[in-house]
Amino acid sequence: MKVQFYPTDVDTIEYQGEQAIRIFGRTIDNKRICILDQTFKPYFWAIPKHAHKITQVKWDISDMNGVKEAQTVKKKILRQEIEAIKVTALDSKDVPTLRSEVKRHGSIKEVRESDVPFYRRYLIDKGIHTLNLCEVEGEELELNLDVELVMQAKTIKEVDDKPLDKPRTLSIDIETYNPQKIPREDKDPIVMIAFAGDDGFKKVITWKDFPKKPDYVEVLNSEEQMLERFKQVIQEYAPDYLVTYFGDGFDFPYISKRAKLHKVSLDINWDYTPLKVNVRHDIPTAKTKGLVHIDIFKFISRTMAGGLDTERYDLNSVAQELLGEGKTGAKVEELANVWDNQPERLKEFAEYNLQDTEITLKIFQKVLPGLNEFVRLVGQPIYEVCRMSYGQIVEWYLMRKAFLKDELAPDRPKSAEITGRLDQKFEGAFVFEPVPGIYENIAVFDFKSLYPTIIATHKLDSSTLSEKGVGTPAPETEISGKKVKFYFDEKKEAFIPEEIKELIEVKGRVSDQLKKDPENATLKGRRYALKVLANSVYGYLSFSGSKWYCIEAGASTAAYARQYIKNAMKEAEEQKFKVIYGDTDSLLIVLENKTKEDAIKFQKSINKNLPGLMELELEGIFPRGIFVGIKSGEKGAKKKYALLKDNGKIKITGFETIRGDWSILAKETQNELLNIILKENDKEKAIKYVKEIIQEVKTGKMPLEKMIISRQLRKDLSDYEAVGPHVAIAKKMQEKGIPVGPGTIIQFVVNEGNGIIRERAKLPEESTKYDVDYYLKNQVLPAVDPIMSVLGYTKKDLIEGNSQSTLGDY
DNA sequence: CCATATCGGGG
DNA sequence: GTGTACGATATGG
């Protein structure tokens, strides 16, 4: 029989005594399907030291244990033809031992592609992209799986590149008992779980009854029963995708732990095995089989981050930006108290819980076209693509391209190799040191895809890297302090530069299509995915873990970039523009008595002389901007400025009070100050505002809650060697019998008195008087001083309340 | 300066 | 899973 289906997840299982490929998906008539493919065999490549001995080596390998077959095949390494031995193994489990044995053979130089996970190899070789329509031919099988159809594949192929467009999706979210804010897995139960489905399905399950229950609420008798029901709801809904916001890091580890305590088996996988939370180093991931767990936070905070303005990636901020709506209603800090003492208010929390799943679902649907494009480009399962770092995205994209071009990929470097690479540092981007100040009418220019266009235009990678004097020299640069100059032979065929060139060209075509259809989400996602991929290749070339590592190309790319940006600056100055800043690929000039047309003329004059795909763009004209100094001196800090946009929003770069370990006081003050300066352009108001704040701090009138600094315990108290303020407090809490442990957030206020900080740090409720000096010196001044010194005020001016003595400096 | 610790997301 | 991988920044010594 023949069936058309959309594959959603692929892995390997043991079947009939050997490793088989297992594909889960959804058929075109909407059934869940599982396909087993035993026809595909694992293989890797062995490269002989001497080409003339290849036949003998091939026979030696054929005789090794676990070898199904060894053949010589013409392939390419760095685009040069070679003869390689394809070693086909009987079973993928045998590959690691077989690989070592082949490596030990005296006439073998190296092995390649021996570390490609079996199912990834399968997808690449079969030309199958998950989510794209495929056709399988084979027999129906009887297996105990939670799907409507099981098949054993004879043949399988991709038939269309239109992806599964309406996956059945269920979003989930838990609420936990939280007397100490961050809940403790072993002590604090889950009190509610919400679900939202793409067909409008909504449900909240809990285990405490309360009045005025909405219809979607179902009350169970205990946490244990709620967990059983949780499982059931998922099985009944039978989604393709199970979507969470930070489910890898919170919901699933928590659910897993609570289920274990109650001895509930979370067998929601389509093969009836339980959900598994893998912890590698510090980072947990929750893997399901069949249905795919998509932690949308992971994808948004990593891969989409470059396309978003938000500085924070909490659900509310991301919803604000992507949906234009945020969270409303209950305050989650009150949940523990309401659960214990005010069950009549639990309705608010059921609504809150449901809202989180609905927002998560909407965010997922909003970013899905983009995510789909990454999956199509990378060609690996969506579960993995949405968790990939940039390095992996590039690497698996290149792996597919390498296969199509007969290029043999190197194995990943071993740890000794990685350590060696990490020690090699090269000179990075050029950053112009700005003169601190406030500027008006700032024209911002950008080299469009600077690094990718340099790599493609000058053909920089290991396939063109040549010895001294052969080919074209890249600009001189430094690696680990040594001056070096590399040569790249542009006449040679280049692997990575040609792939980049193609990416840039495809992106250009997508941009053209977008001009005709500007709101097309698929096209927007495609353009973004292409951009991210192209921009990541530079990092990939010099990333210590990469297969196609080439520090010479990385260092030379940066060297070319410095040359281009410096030349553009020089040219701007020659055309009598005032350059105020430049960083990597951008150039900021003030228009002064010139016009936008002059700026465009400058841009054209640069573009006339740029080779290949390179291009300078005018990003826009910003009405006002501030550049701050390093200390209160004259030198400008690099990468630390704020620009006022046309739409009145402020684009902040490099100011660091966003982190939670600053007090609210520092954050609010800095924000308000930037607003006064950039929007209102009122220096008098700025100094007045800062002085008022400082005065309020000095006189002790600032509310204590604005002084709270939060820090989280990350390990058991006994494991701390260095005792920071929050550790000291936690120890005291423990002595009093208050439970503290990993995850507990310690809030403290630094109080007046003698001794070092940790002796004066106290819990907010035990604090009497905050330490004026500490807050001025460590919170308020670091936040405002760099900005105020631009206006000509020294720290002294701010603290002593003198008049603006050094205004002349400005 | 280097080594170690913390944050982020979640409640 | 044909494994062994966060990335950036602050603080302590």
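This is a walk through a predicted model of a protein with two DNA strands, going from the DNA surfaces to the cavities inside the protein.

Let's start with DNA strand C. There are 23 residues around this strand, and the ones that come nearest are Tyr-43, Ser-114, Asp-115, Pro-117 and Phe-118. Of the strand's atoms that come within 4 Å of the protein, 48% belong to sugar and phosphate.

If you zoom in on the polar contacts, the protein backbone turns up again and again. At Tyr-43, a polar backbone atom sits 3.2 Å from a base oxygen of DNA strand C. Val-116 also reaches a base: one of its backbone N or O atoms is 3.3 Å from a base nitrogen of the strand. Phe-118 goes for the phosphate instead, with a polar backbone atom 2.8 Å from a phosphate oxygen.

Which elements build this surface? At least two residues each come from α2 (95-104), α3 (118-126) and β15 (276-280). With three residues, α2 gives the most. In terms of chemistry, the surface near DNA strand C is made of 10 nonpolar, eight charged and five polar residues.

Now swing over to DNA strand B. Here 27 residues surround the strand, and Lys-181, Phe-246, Arg-711, Gln-712 and Tyr-720 are the closest. Sugar and phosphate make up 66% of the strand's atoms that come within 4 Å of the protein.

On this strand, have a look at some side chains. Asp-173 has a side-chain N or O atom 3.2 Å from a phosphate oxygen of DNA strand B. Glu-175 places a polar side-chain atom 2.9 Å from a sugar or linking oxygen of the strand. For a contact to a base, go to Asn-178, where a polar side-chain atom is 3.4 Å from a base nitrogen of DNA strand B.

As for secondary structure, β10 (169-176) and β29 (709-712) both supply at least two residues of the surface near DNA strand B. The largest share is that of β10, at four residues. Sorted by class, this surface holds 12 nonpolar, 10 charged and five polar residues.

With the DNA done, turn to the cavities. How many are there of 30 Å³ or more? The count is five. The largest has about 60 Å³ of space. Its lining consists of Tyr-43, Trp-45, Lys-75, Glu-113, Arg-121, Met-399, Ala-402, Phe-403, Asp-406, Glu-407 and Leu-408. Two elements, β4 (43-48) and α11 (390-404), give two or more residues to that lining. The largest share, three residues, is from α11. By class, the lining splits into six nonpolar and five charged residues, with no polar ones. You've met Tyr-43 before: this lining residue is also among those that come nearest to DNA strand C.

The second largest cavity holds about 50 Å³ of space. Around it you'll find Val-394, Tyr-397, Leu-398, Ile-496, Glu-499, Ile-500, Leu-503, Leu-533 and Val-537. Helix α11 shows up again here, along with α14 (495-516) and α15 (521-541), as an element giving two or more residues to the lining. This time the largest share comes from α14, with four residues. The lining has eight nonpolar residues, one charged and no polar. So that you can pick out the charged residue by eye, look for Glu-499 in the lining.

Methods:
Residues are numbered from 1 along each chain as its sequence is written. Chains are lettered from A and ligands numbered from 1 in the order in which they are written. This is a predicted model: local features need pLDDT of at least 70, side-chain atom pairs count only at pLDDT 80 or more; totals for chains, interfaces and linings use all residues. Side-chain values use heavy atoms; hydrogens and water are left out. A residue is near a molecule or strand if one of its heavy atoms lies within 4 Å of it. A polar contact is a pair of N or O atoms within 3.5 Å; within protein, one must be able to donate a hydrogen and the other to accept it, and residues adjacent in sequence count only if both atoms are side-chain atoms. On a 1 Å grid over the protein atoms alone, a cavity is a set of points where a 1.4 Å probe fits but cannot get out, and a pocket is an open set with protein on both sides within 12 Å along at least five of seven lines; lining residues have an atom within 4 Å of a point. Grid points are joined across faces, edges and corners, and a volume is the space filled by probe spheres set on the points.
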